[in-house]
Amino acid sequence: MAYLVGPGRSNEHENPHLIAGDDRVTFAIPVGTSLDANQGFEIGYMLDQPRRIHEAEFNVPVYARDDASGEFLTDEAGKKIRTGSKPGHVWHCSLAVDSGHGRVSDEQWEKIATQFVARMGFIDPDGAKSSRWAAVHHGASKNGNDHIHLVVQLIREDGTKANINNDFHRAQMVCRELEKEFGLPRLESQEHGKGLAGEKPAERARADRGNNVLSDKFELRRRLRAALSTSNNAEEYLRHAQDLGVHVAPSFKPGSNTEVRGYKVSLGGRGTDERGIWYAPSKLDSTLAWNDVHARFGNANRESGDAYLVSLHSSNTERERHKAVAHPVSNEQLERMMSHKTGPDTLANIYARLSLQFERNKPATFQRLSESYARAAQGSGNLRYAARMNQRFAAGQGRGWVAVAKQAGRLGRVMLENQMTQDRPHFSNNVDRLLKDAEGIITREMQRIQKEEAASVAVSKAPTVPYRDWNSSAQPGSGQDQGYER
C-alpha cells in the first residue's frame, strides 16, 4: 500500500484514490478518497488484521535461479529446485486496458474490481471465508495504459487460507470474461500469449548513460530477430547474432557442462564502463527459447547447433569479432514472403532486419513494426526470384532491400485486412499508422538510390565504405552487406 499511494518508480502515480474494497475498508475510507501515506498505512493495517488476530502465516516457495540468466534451475526430472519459503500473505495484481482505449471511469473500475475479486474466489457470500481487499486507481502507467491495482489479504476472516492455485490462468480467464461484459479491448500480451518483456526504469537509465536509443532488452530482441531472418539453422542463427554484436553463452543442465538446456545473451557495456547484463532470450520473447529456435528450423542440424553453443562456454576460446556484419535475408524467409505464406512471426524478423538496414543506430518505425508483429505472434514460391534477390543483397545493391520492405508492407496490409482489423482493432490501427510511416521511408530510400544511380554510372561493385560497429566507435572497413554498413 505504501508503494501504491506513493509517487511510483517514474513519478507516474497521480492522485491515487480508493475505488473499491472490502466493506470494512470502504466504511473507514469512502470510495473516491484521495490517499496519502497515512491513509495507505491505515488500509494496510485493516487488511492485515485477520493474519494478526489468528497469528496465521501464508508462505510461498522459493526456487533456485541461475545467477546469470535468471532462469529457474531444475532437477533431473525437470522440476524446479525448491530452496526454501518466504512470507506471501499479500496477493497483488494490476488490471489494465490498452492505451488506445483511453480512460475508464472510476464507476466502471469499481464494478470491474468487485467482479474480478469475486470471480477469483476471494469473496464468500456468507462472509466467513472472505478475504479483505482494496483497489487503488492512479491514472495511466508510463506506457499510457489506464489501470488499477488490487491488494488482497490471503488469510481469510476465519483464519483459513485463500486458494491461489493456478491463479495466473484463472485471472486471465476472468479478464477475458470481464472484457466482453464491459466492452473493453483486450491487451495483446494477455489475449495472444505471454507477450514481450517490458522495460524497467534501471534499464532505461542504463541505456541513457550509454547514449543508446533502446535498452538492452529491446536491442537484443531486434538483433536476435534480425539474425533469425538471415539464418537457416540454429548454429547459423547463433553465428549471425554474434556478427551483430550479441555475446552468446550456453546454459547447462545442473551438474553438467556439456548438456545444453538453453542459452543466454548480452550486449556488453554498450558505451558504458558497466558490466554487461545477461538475459535468457525466452524471458525477452518466449519464441526465442533454444528449443523454439530449433523447432522453427525444423530441428535441422540440431546436434551441430548444440555443439557450437557448448563451444561458447567461458572456459573455451570465444569467437573473435572485430566488426558488426549484417547478413542477407535467408532464402527460406524470402520464399515465404514471395508465396504469401508468412505470418506475424516472420514479419517481426524481417522488420527487425530492415530496422538494421535503414535505421541502424536510430531504431524507429521498422523496429516498432517488428515489436508489434512480435507481440501478435506470441512454402513454395518463385525460388529463383528469391535466390536472385538474395544475391543482390550480398552484392550490396539497395534495390533488393527496398523490394523486401515493399513486400513486407504488402503482406502486412493483407494480414490486417484478412485477419486482424475486426478481431484486434487497436493493434490494427497502430500497425496501419506504422506501415504508412514505413512506406514513406521506403519511398525516400528509393528516391535516394535513383539519384545516386543517375549521378554516377561508374560506381564500383564492391566499394570500401565506413561501417558502424554498434559496440565501438566508427572506423573504416567493409562487410558482406554494403547497404547495412554504409
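User: Before I get into α9 and what follows it, what counts as a helix here?

Analyst: Helices are DSSP runs (H or I) of at least four residues, numbered from the N terminus. Keep in mind that this is a predicted model.

User: Thanks! Then which residue follows α9, and what is its phi like?

Analyst: Gly245 comes after α9, and its phi is positive, near 90 degrees.

User: And what happens at the start of α9?

Analyst: There, a side-chain oxygen of Asn233 comes to within 3.2 Å of the backbone nitrogen of Glu235.

User: Is α9 mostly covered or mostly open?

Analyst: Mostly covered, since eight of its 10 residues are buried, with buried meaning under 20% relative accessible area. Among them are Ala234, Tyr237, Leu238 and Ala241, along with Glu235, His240, Gln242 and Asp243.

User: What do those buried residues pack against?

Analyst: The buried residues of α9 pack against α8, β7, β8, α11 and α12.

User: Glu236 caught my eye. Where does it lie, and is it buried or exposed?

Analyst: Glu236 lies in helix α9. In terms of burial, Glu236 falls in between: it is partly exposed, because its relative accessibility is 25%.

User: What does the side chain of Glu236 reach?

Analyst: A polar atom of that side chain lies 2.6 Å from the backbone nitrogen of Asn232. If you set aside neighbours within four places in sequence, Glu236 is in contact with Thr230 and Ser231. There is also a long-range pairing to look at: the C-alpha atoms of Glu236 and Gly305 are 7.9 Å apart, although 69 residues separate them along the chain.

User: Let's zoom out. Which residues touch the most other members of the largest nonpolar core?

Analyst: Tyr237 and Tyr263 do, in a core of 30 residues. The elements that each supply at least two residues to this core are α8 (216-229), α9 (234-243), β7 (247-252), β8 (260-266), α11 (290-296), α12 (302-311) and α14 (344-359).

User: Which of them gives the most?

Analyst: That is α8, with five residues. Another core lies apart from this one; it has 29 residues, including Ala113, Val152, Ala171 and Leu178.

User: Switching to empty space. What volume does the largest cavity have, and which residues are closest to its centre?

Analyst: The volume is about 130 Å³. There are 11 lining residues, and Leu95, Ala96, Cys175, Glu179 and Leu184 are the closest to the centre. Two or more lining residues come from each of β4 (90-96), α4 (106-119) and α5 (167-182), and α5 gives the largest share, with three.

User: How does that lining divide by class?

Analyst: Nine of the residues are nonpolar, one is polar and one is charged.

User: And what lines the second largest cavity?

Analyst: Its lining consists of Arg206, Ala207, Asn212, Asp216, Gly269, Arg270 and Thr272. By class, that is one nonpolar, three polar and three charged residues. The volume of the second largest cavity is about 30 Å³.

User: New topic: where is His149, and is it buried or exposed?

Analyst: His149 sits in strand β6, which covers residues 146-153. With a relative accessible area of 9%, His149 is buried, because the cut-off for that class is under 20%.

User: What does the His149 side chain pair with?

Analyst: His147: a polar contact of 3.4 Å joins the two side chains. Beyond residues up to four places away in sequence, His149 touches Leu4, His92, Cys93, Ser94, Ala134, Ala135, Val136 and His138.

User: Last one, backbone angles. Which non-glycine residue has a positive phi of about 55 degrees?

Analyst: That is Asn211, found in the loop between α7 (201-209) and α8. Asn211 counts as exposed because its relative accessibility is 72%. Arg360 is another non-glycine residue with a positive phi, near 50 degrees. Arg360 lies in the loop between α14 and α15 (365-377) and is partly exposed, at 24% relative accessibility.

User: Why point those out?

Analyst: Because most residues other than glycine have a negative phi.

Conventions
Residues numbered from 1 in each chain as written. Predicted model: local features only at pLDDT ≥ 70, side-chain atom pairs only at ≥ 80, totals over all residues. Heavy atoms only, no water. Core = buried A, V, L, I, M, F, W, Y, C linked by side-chain atoms within 4.5 Å. Buried < 20%, exposed > 50% of the residue type's maximum accessible area, 1.4 Å probe, protein only. 1 Å grid on protein atoms, 1.4 Å probe; cavity = no way out; pocket = protein on both sides within 12 Å on 5 of 7 lines; lining within 4 Å. Points joined across faces, edges and corners; volume = space filled by probe spheres on them. Nonpolar A, V, L, I, M, F, W, Y, C, P; charged D, E, K, R; others polar. Polar contact = N/O pair within 3.5 Å; in protein donor to acceptor, adjacent residues only side chain to side chain. Contact = heavy atoms within 4.5 Å.
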